[in-house]
Amino acid sequence: MAAQRSTLKILGVVSALVAATALGNAALAANPKLKIGFVGVTSGPAAAWGTSNVRSMQTLADMWNGAGGVKIGDKTYDIEVVTFDDQKDPKLSIQGMEKMAQQGIHYVVGPNVDDGAAAVRPVAEKNNIIYFPYAFPKTLYQKPASNAVLGMVANYQSGPAIYKYLKDNKGVKTIAFVAANESDPLSQRDSGVEAAKALGLKVVASKDTYANDTTDFTPVLTPIVALKPDLLVLSGVAPANAPLLIRAARELGYTGLMSTETAQDANVLKEGAGKLADGFISVGGASTPEIRSDQMVKFIDTYTKKFGEYNDESNTKVYALEYIVDTLKANPAAVDNIGEFKKTMDTFSAPNPYLKDANARLTYVGMTSFGQKRQLSVPMVVNEYENGAFKTLFVGHVD
Amino acid sequence: MEQVIVNGLYLGAQYALIALGLTLIFSLMNVLNFAHGQMYVLGAFVTYTVYGQWHLPFVVALIASSLTLFALGALIEMFLFRPVIRRSKREESTMLLAAAIAFLFDAGILLIFGEKGHGVPKIVRGVLNTGAIIIPYDRILVACLAVVFIAVFMAFMQFSRVGRAMRALAQDRVAAQLMGVNVDRYSMIGFALGALLAGLIGGLLVAITGVSSGIGTAVSTKAFMMVMIGGAGVVGGAIAGGFILGMLEAVGLSVLHAYGDITYLVIFASLMVFLAIRPNGLMGKPWG
């Protein structure tokens with residue numbers, strides 16, 4: 001009899017648990033899911049590029065979902081981020097994009113590099129996917145291509161602005177370039193050389209390269225430092241390599257200016273190069289306290305709590321998901337129709353929640369560079385690193 | 001030119017120490033340890049944590065890196081390689097196991113230490129500038145320490161009981177066993193020692209080059225190149241391979257820089273020709 005009672009009690013508890021789980025699931029399933037994809041690199045030496053994308057998306061999704069979801073038209077969705085690590089391998093990028101297509105996803109952030117972004121183009125176009133690469137080849141964004149939207153400021157947009165500023169304000173006359181022997185840094189170097197020549201700067205070194213897995217840059221920089229350029233450009237430098245290059249150059253006695261057109265992380269520079277990185281110029285998004293809004297501060301806090309530490313690259317990477325969702329809000333028919341999304345891009349305008357400036361807007365740009373609006377308008381904040389933090393040197397815009 | 005030679009010697013000293021651990025494991029167990037680079041990275045992260053984050057002395061951090069990797073190496077040998085070697089007749093099994101361990105380490109390191117590059121405060125400040133040569137003092141110190149560690153390792157292998165037992169194992173495993181050498185014990189010690197060397201150089205170099213998750217495979221690739229140049233399983237060969245690769249890099253990057261990144265192209269092409277002529281490398285196997 002006692003055993004029967006015990007069995008009944010256990011059955012009762014189990015039934016209650018099952019019922020509670022079912023109710024919980026029902027409550028959780030209250031909002032339909034809107035899946036947004038990510039295909040990019042989250043492992044290996046370039047992991048920082050994609051990881052900052054993924055974590056920005058996950059942080060933003062958590063913030064929105066925690067606040068009850070995002071209202072698009074008459075439906076409220078929870079955002080689900082579906083990720084795929086392509087290990088910076090174009091073959092895997094294609095697999096990743098195919099996975100997104102199989103899941104019926106129409107909006108994908110990434111890939112992070114040129115060859116990956118080029119490789120996924122046919123898959124994206126065949127499967128009605130709009131993707132937001134962090135890669136610079138113009139053919140991705142010019143007609144007849146129409147599914148790729150550049151997620152950041154390209155080096156051929158920021159480079160000339162930086163060189164001109166340094167020429168006018170710091171008296172730069174000679175310039176040297178060094179790049180990793182990979183497609184992105186090399187193409188960035190080549191367009192940087194063109195821009196420097198167009199400005200009348202004397203290019204003293206333009207062919208020096210290094211293997212991306214180099215850990216000691218002294219031999220690489222020895223011949224360049226001997227040329228004593230006024231400005232040394234680290235074309236397309238990966239965040240992990242930047243402090244090592246800076247440190248090697250300074251230790252070899254280089255006293256000129258150094259810059260890059262890619263986003264960097266202040267803490268990585270601080271740990272890797274310390275005071276030697278003071279004066280290093282790079283490009284960021286809503287990166288400096290002078291321009292960031294309370295919403296950006298909240299995003300950074302949430303990100304830091306969720307992942308332990310913030311990545312300054314997310315100052316730019318925060319924008320992609322925001323643009324996708326805000327554009328869908330502007331035209332709910334675009335949720336499963338990318339044609340509608342493309343139509344909306346031409347006229348889309350929404351307040352920029354990450355900048356203090358009340359007049360700052362989210363819009364699609366790119367008419368000058370690509371002949372169509374296939375670029376996210378993110379602030380081109382040119383930073384100077386000093387004492388462990390970035391300070392704004394100047395803010396530019398892309399049209 | 002003086003600068004190029006100094007760069008080459010400095011690179012050579014660190015490369016030689018990286019290659020030593022790899023060649024030791026190969027000579028003792030005939031295992032190509034694809035996870036050697038990942039062990040280097042883990043050693044670097046231990047030093048980063050102890051010295052860079054906890055602010056304990058650099059020497060303590062180096063000891064922590066060495067001991068951590070020694071213990072990890074011993075465990076890997078005992079619980080992973082030993083059963084596989086015992087049960088499998090195929091050499092590919094240990095290669096696959098080593099590759100799997102490399103992937104596991106990569107993923108674990110990324111998970112624990114994150115995706116960012118990390119560095120630590122300089123261990124010695126200042127730069128030696130003679131006019132012809134510019135080299136920071138910390139690089140001089142690291143190069144000297146690398147040479148000292150190599151010398152200590154060589155002496156240990158030559159004169160200690162454990163070293164003699166491991167050399168006997170490397171020369172003829174069966175004969176050593178028949179002579180009473182405890183194969184399991186010395187294989188475990190040898191693997192742990194190889195891992196220790198990887199951790200030690202990782203910890204030593206984090207003060208110069210920093211560390212980031214994901215560089216392990218590149219480190220392994222370079223270590224394999226050095227071992228191929230010097231001859232697999234030969235301690236002297238690994239040291240020679242390290243210095244040769246360091247010098248080739250320094251000279252190539254200086255002389256060929258105007259032609260783009262062809263230094264490694266030239267090195268790899270030369271290596272192919274070299275291996276066609278001397279497939280066992282400079283010194284070949286066995287050693288002793």
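I looked up A:Asn127 to see how open it is, and it counts as partly exposed because it has 18 C-beta neighbours inside 10 Å. (Buried needs 20 or more other C-beta atoms within 10 Å, exposed 12 or fewer, and partly exposed is in between; the C-beta atoms are placed from the backbone.) I should jot down that this is a predicted model, where local features need pLDDT of at least 70, side-chain atom pairs count only at pLDDT 80 or more, and totals for chains, interfaces and linings use all residues. Residues are numbered from 1 along each chain as its sequence is written, and chains are lettered from A and ligands numbered from 1 in the order in which they are written.

Next I found A:Asn127 in the loop between α4 (114–126) and β5 (130–132) of chain A. (Helices are DSSP runs of H or I with at least four residues, strands are E runs of at least two, numbered from the N terminus.)

Then I turned to where the chains touch: 33 residues come from chain A and 33 residues from chain B. (In contact means C-beta atoms, placed from the backbone, within 7 Å.) On the chain A side, α7(A) gives the largest share, 5 residues. I sorted that side into 14 nonpolar, 11 polar and 8 charged. (Ala, Val, Leu, Ile, Met, Phe, Trp, Tyr, Cys and Pro are nonpolar, Asp, Glu, Lys and Arg charged, the others, Gly among them, polar.)

Last, in chain B, I checked helices α5 (residues 137–159) and α6 (residues 161–171), whose axes come within 5 Å and cross at roughly 75°. (Axes are lines fitted to C-alpha atoms, for helices over the stretch in contact, with angles from 0 to 180 degrees between N-to-C directions.)

Definitions and conventions:
Contact = placed C-beta atoms within 7 Å.
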